[in-house]
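Got your viewer ready? Here is a short tour, one selection at a time.

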Amino acid sequence: MLAAETVDFFRVQSICLRAIGIARTDSFRGRVLFAFSFFTVLVMMLGTVMFAFKHIDQIMLLCDCLGPTFTAYLGLVRQYNLLLHRSELWSIVDEFAALKHSLQSSEIRIVQKYNRIDRFLAWAYLITAMSTGVLFVGVALVLVFLSEKSDWKLPLLMDFPFDVKHPVTFTIFFVWCSVAIFWVVLDCVACDSTFGTFSSCLVAHFVIIQERFEGLRFDEGNRELKKLIEHHKYILRISDRVINAYKNVILNQLLISSVLLCMLGFQLVISVGTNIMVVYVAYGMAITIQVTYYCYYGSQLYYESTQVHDAVFKSKWYDASVATQKMLINCMMRAKKPVNAKSGFTQASLPALNAILNSAGSYVALLMSLME
């Protein structure tokens, strides 16, 4: 069972993880839920891919269906990645809960401050993403009631090698598509908010390490210094494990986000003044939040991990012995190498977010010129 503290800082993530079959313990029910949700999203993605191939020469329809296609792909990547690293992720959760018990009251307040911010962002992300799913399904449902049978459309632009216009078949696929949309939302929130929580905890511990170095008093045995150095090494090892667990997600997210935002920006410009514009705005916000999650926390990890170097220099190293000063120099050299949320040639950081948004704007301008 999760400790009370763990449940508190991992509540949203636990709910979403259980909903997609990635609970703490492996079970038959969890495997069935995972397989069904994965297959449901996969069928939805294949339907949108078939529609894209059928309308490859129509840029408006192509953009309309490729957005959900890429989002579904990212959802599948996230879900598989969470399954692949299930034991590692839950182990990290337990380690952060155990670390909290070893902190002083003032240090616990630092962790709680970062946990509160992270919890707010996780709930905001879940509500925003769910609202986008509700908009997609709700708009499609309203259009079904207001249109003739021949004009019925699923929540997403999809195509299948058989007719889905029969009322029974259409109802089944409408429900299937709607459920798939919400499972994609849960995939994204579970994965992204988990990364955010781990990063937030790491940032809090780097801040604590900085305060400990600045207030360190050097004695003959250097027991406190040795304990602090080992603690710093341990937090760096956890950082490496977190980045390693999420590197595939980071790579896919950063590469595809600019394309997604480009298509959504193009659709938004075209739909200005229409009711469907609300859907594109909500969808664009959800995608922006996704990529911002990784870039914001990536920059936080980079900055706070390197600040340990400055904190060591601010300590009273001049009162220490020569042997102790050599230990501090080694610690500074270790802290000089930042925790980098990097995967392949991509790096999750705020400059990367700026580049993604700028490139998306450029692609929108290019598509608009092709429409003229």
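## Stop one: a patch on the surface

This is a predicted model, and the tour begins on its outside. Select Leu 141, Val 142, Phe 145 and Leu 146: together these residues make a nonpolar surface patch with about 460 Å² of accessible area. Now keep Leu 141 alone in the selection; you will find it in helix 6, which covers residues 105-146. Is Leu 141 buried or exposed? Leu 141 is partly exposed, because its relative accessible area is 38%, and partly exposed residues fall between the buried limit of under 20% and the exposed limit of over 50%.

## Stop two: the largest pocket

Stay with helix 6, since the next stop also involves it. Helix 6 contributes 6 residues to the lining of the largest pocket, the most of any element. The volume of this pocket is about 570 Å³. To centre your view, select Asp 64, Val 139, Leu 143, Pro 155 and Ile 276, which lie nearest the pocket centre among its 24 lining residues. Then colour helix 4 (59-84), helix 6, helix 8 (223-270) and helix 9 (277-314): these are the elements that each give two or more residues to the lining of the largest pocket.

## Stop three: the largest cavity

Next, look for enclosed space. Searching the whole structure turns up 2 cavities of 30 Å³ or more, and the largest cavity holds about 220 Å³. Which residues lie nearest the centre of the largest cavity? Select Thr 71, Ile 181, Val 184, Val 185 and Tyr 283, which belong to a lining of 17 residues. Helix 4, helix 6, helix 7 and helix 9 each give two or more residues to that lining.

## Stop four: helix 7

Select residues 167-214 to bring up helix 7. How far apart are its end C-alpha atoms? They are 70 Å apart, which agrees with the 70 Å that 48 residues should span at 1.5 Å a residue. Colour helix 7 by accessibility and you will see that it is mostly covered, with 36 of its 48 residues buried.

## Last stop: the whole chain

Finally, clear the selection and zoom out. The chain has 11 helices and 2 strands. Follow the elements from the N terminus: ten helices come before the two strands, and one helix follows them. The C-alpha trace spans about 85 × 50 × 30 Å along its principal axes. If you colour the chain by burial, 50% of its 372 residues come out as buried.

Terms used:
Residues are numbered from 1 along each chain as its sequence is written. This is a predicted model: local features need pLDDT of at least 70, side-chain atom pairs count only at pLDDT 80 or more; totals for chains, interfaces and linings use all residues. Side-chain values use heavy atoms; hydrogens and water are left out. Patches are made of residues with over 30% relative accessible area and no salt bridge: like charges are joined within 9 Å, nonpolar side chains (Val, Leu, Ile, Met, Phe, Trp, Tyr) within 5 Å. Accessible areas come from the Shrake-Rupley method with a 1.4 Å probe; for residues, only the protein chains shown count as cover. A salt bridge is a side-chain nitrogen of Lys or Arg within 4 Å of a carboxyl oxygen of Asp or Glu. Helices (H or I, at least four residues) and strands (E, at least two) are DSSP runs, numbered from the N terminus. Buried means under 20% relative accessible area, exposed over 50%, partly exposed in between (1.4 Å probe, protein chains only). The expected span of a helix is 1.5 Å times one less than its number of residues. On a 1 Å grid over the protein atoms alone, a cavity is a set of points where a 1.4 Å probe fits but cannot get out, and a pocket is an open set with protein on both sides within 12 Å along at least five of seven lines; lining residues have an atom within 4 Å of a point. Grid points are joined across faces, edges and corners, and a volume is the space filled by probe spheres set on the points.
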